[in-house]
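This report covers one helix pair and one nonpolar core. Keep the structure in view while reading.

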Amino acid sequence: MADLFGKMADMQKRMADTQARLAEEKVTAEAGGGMVAVTADGTGRIVSIKIEKTVVDPEDTEMLEDLVVAGVNKALEEAEGIKQRKMQEAASTMLPPGLDLGAMGGGGGFPGL
């Protein structure tokens, strides 16, 4: 029983370490041919948004808004991909050989993480 608790504690530590490393991962997505660049971390937080001055037109804010939304969505999608890969890698090191989490639950994702 003590061995089981030890393994559970080790698994929790590995998952926490993986989540901490995700905060250090960065992805940058561009919209409008680079006029808007959005950077997100592996936890899905937006870290920065860069906007080219030429796209800032007070008479056409709708275009800028669309570019920002497109850039944010693309960055969040890429960040989610990194998150899923890293969490699967972490989980696979703790599972018995041959056990495939991807076959469970249809998508292999980690809901709520």
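Helices here are DSSP runs of H or I, at least four residues long, numbered from the N terminus. By that numbering, Ala 75 is found in helix α2. The model is predicted.

**The helix pair**

Helix α1 spans residues 2-24, and helix α2 spans residues 61-92. Their axes come within 10 Å and cross at roughly 155°. Angles over 145 degrees count as roughly antiparallel, so α1 runs roughly antiparallel to α2. The crossing of α1 and α2 is right-handed. Which residues meet there? Met 15, Thr 18, Gln 19 and Leu 22 of α1 meet Ile 82, Lys 83, Lys 86, Met 87 and Ala 90 of α2. Five of the residues in this contact are nonpolar, two are polar and two are charged.

**The core**

The largest nonpolar core holds 17 residues. Val 27, Val 36, Val 38, Ala 40, Leu 67 and Ala 75 touch the most other members. At least two residues each come from α1, β1 (26-31), β2 (36-41) and α2. The largest share, eight residues, is from α2.

Two of these residues have the contacts below, leaving out residues up to four places away in sequence.

| Residue | Contacts |
|---|---|
| Val 27 | Val 38, Thr 39, Ala 40, Ala 75, Glu 78, Ala 79, Ile 82 |
| Ala 75 | Val 27, Ala 29, Val 38, Ala 40 |

Is Ala 75 buried or exposed? Ala 75 is buried, because its relative accessible area is 0%. The C-alpha atoms of Ala 75 and Gly 42 are 9.8 Å apart, with these positions 33 residues apart along the chain counted as separation.

Definitions and conventions. Residues numbered from 1 in each chain as written. Predicted model: local features only at pLDDT ≥ 70, side-chain atom pairs only at ≥ 80, totals over all residues. Heavy atoms only, no water. Axes fitted to C-alpha atoms, helices over the stretch in contact; angles between N-to-C directions. Parallel < 35°, antiparallel > 145°, perpendicular 65-115°, else oblique. Left-handed = near helix turned anticlockwise from the far one by under 90°. Contact = heavy atoms within 4.5 Å. Nonpolar A, V, L, I, M, F, W, Y, C, P; charged D, E, K, R; others polar. Core = buried A, V, L, I, M, F, W, Y, C linked by side-chain atoms within 4.5 Å. Buried < 20%, exposed > 50% of the residue type's maximum accessible area, 1.4 Å probe, protein only.
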